Amino acid sequence: MASDDVKLIGAWASPYVMRPRIALNLKGVEYEFLEEKFGSKSELLLKSNPVYKKIPVLLHGGKPICESLIIVQYIDEAWSGHSILPSDPYHRAVARFWGHYIDDKWFPALTGISRAPTDEAKKEAIEQVFAGLKFLEEVLEKSGAGKPFFGGDTIGYIDIALGSHLGWLRATEKLSGLTYLDESKTPLLVCWAEKFSAHEAVKCVMPETDKLVEFAQMLKAKFSAPPSK
């Protein structure tokens with residue numbers, strides 16, 4: 001499909017950038033990926049997103065669209081083909097609710113594990129991650145109705161919202177020594193994660209776990225180092 005001058009400003013390690021990349025791949029839209037350099041913000045990014053000054057930003061015909069899930073919804077409406085959001089208004093609202101939950105509650109708990117100032121805070125963050133996965137296991141069971149994805153037979157909105165975090169979930173597992181996606185606790189999510197990661201629209205943009213671990217260790221070293229005199 002013709003790109004219609006489509007560009008995406010982002011960075012390889014960002015789960016939020018991964019979302020529009022998957023959506024564009026599902027739609028078969030060609031685009032130019034503009035990689036931001038870690039630790040700096042390009043003039044184009046600051047011009048395109050002057051309010052939040054962050055990635056991702058989709059540029060379609062020179063017009064910027066910001067915020068990852070808003071971009072995914074825009075892509076779904078702007079291009080025909082694969083439907084990402086359900087057609088039914090209620091099911092669309094439910095999908096948006098869980099997308100918001102993932103960003104508002106679940107992923108902050110996951111990133112909070114490594115940032116926890118005390119063992120008690122770390123334990124609480126871990127419990128929140130497991131509780132969230134249990135919630136999402138139940139959502140998958142209900143919405144998927146025995147099918148492989150939250151969207152049914154194909155990848156949908158919740159799949160993208162949660163699946164974009166799989167790379168960092170696996171990296172966190174490796175760094176912490178804990179298994180969050182446990183077949184004995186969330187068997188449907190374990191199976192879903194394998195199918196999602198193997199999908200043609202996903203596997204080409206899913207970061208390697210070891211590279212994310214290295215990136216996380218680099219960030220920890222950078223921010224824990226004493227300031228230079």
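Two strands count as paired if DSSP finds at least two bridges between them. The model used here is predicted.

**Exercise 1. Apply the pairing rule to strand 1 and strand 2, and place them in their sheet.**

Step 1. Take strand 1, residues 6–10. It is joined to strand 2 by four bridges. The rule asks for at least two, so the strands pair. The sense is parallel.

Step 2. Pick out one bridge. K7 has E32 of strand 2 as its partner.

Step 3. Widen the view. The sheet is open and has four strands, in the order 2-1-3-4. Its pairing is mixed.

Step 4. Find the edges. Strand 2 (32–35) and strand 4 (63–66) each pair on one side only. On average, neighbouring strands are turned by 25° against each other, direction ignored.

**Exercise 2. Which strands does helix 1 lie across, and which does helix 3 touch?**

Step 1. Helix 1 spans residues 15–27. It lies across strand 1, strand 2 and strand 3 (57–60). It runs at about 155° to strand 1.

Step 2. Helix 3 covers residues 68–78 and also packs on the sheet. Helix 3 touches strand 3 and strand 4. Its direction makes about 125° with that of strand 4.

**Exercise 3. Describe the largest cavity and its lining.**

Step 1. Search the whole structure. One cavity of 30 Å³ or more turns up. The largest cavity has a volume of about 40 Å³.

Step 2. List the lining: W106, L133, L162, H165, L166, L169, L181, L189 and W192.

Step 3. Sort these residues. Eight are nonpolar, one is polar and none is charged.

Step 4. Assign helices. Helix 7 (166–176) and helix 8 (187–198) each supply at least two lining residues.

How values were computed: Residues are numbered from 1 along each chain as its sequence is written. This is a predicted model: local features need pLDDT of at least 70, side-chain atom pairs count only at pLDDT 80 or more; totals for chains, interfaces and linings use all residues. Side-chain values use heavy atoms; hydrogens and water are left out. Axes are lines fitted to C-alpha atoms, for helices over the stretch in contact, and angles run from 0 to 180 degrees between N-to-C directions. Contact means heavy atoms within 4.5 Å. On a 1 Å grid over the protein atoms alone, a cavity is a set of points where a 1.4 Å probe fits but cannot get out, and a pocket is an open set with protein on both sides within 12 Å along at least five of seven lines; lining residues have an atom within 4 Å of a point. Grid points are joined across faces, edges and corners, and a volume is the space filled by probe spheres set on the points. Ala, Val, Leu, Ile, Met, Phe, Trp, Tyr, Cys and Pro count as nonpolar, Asp, Glu, Lys and Arg as charged, and the others, Gly among them, as polar.
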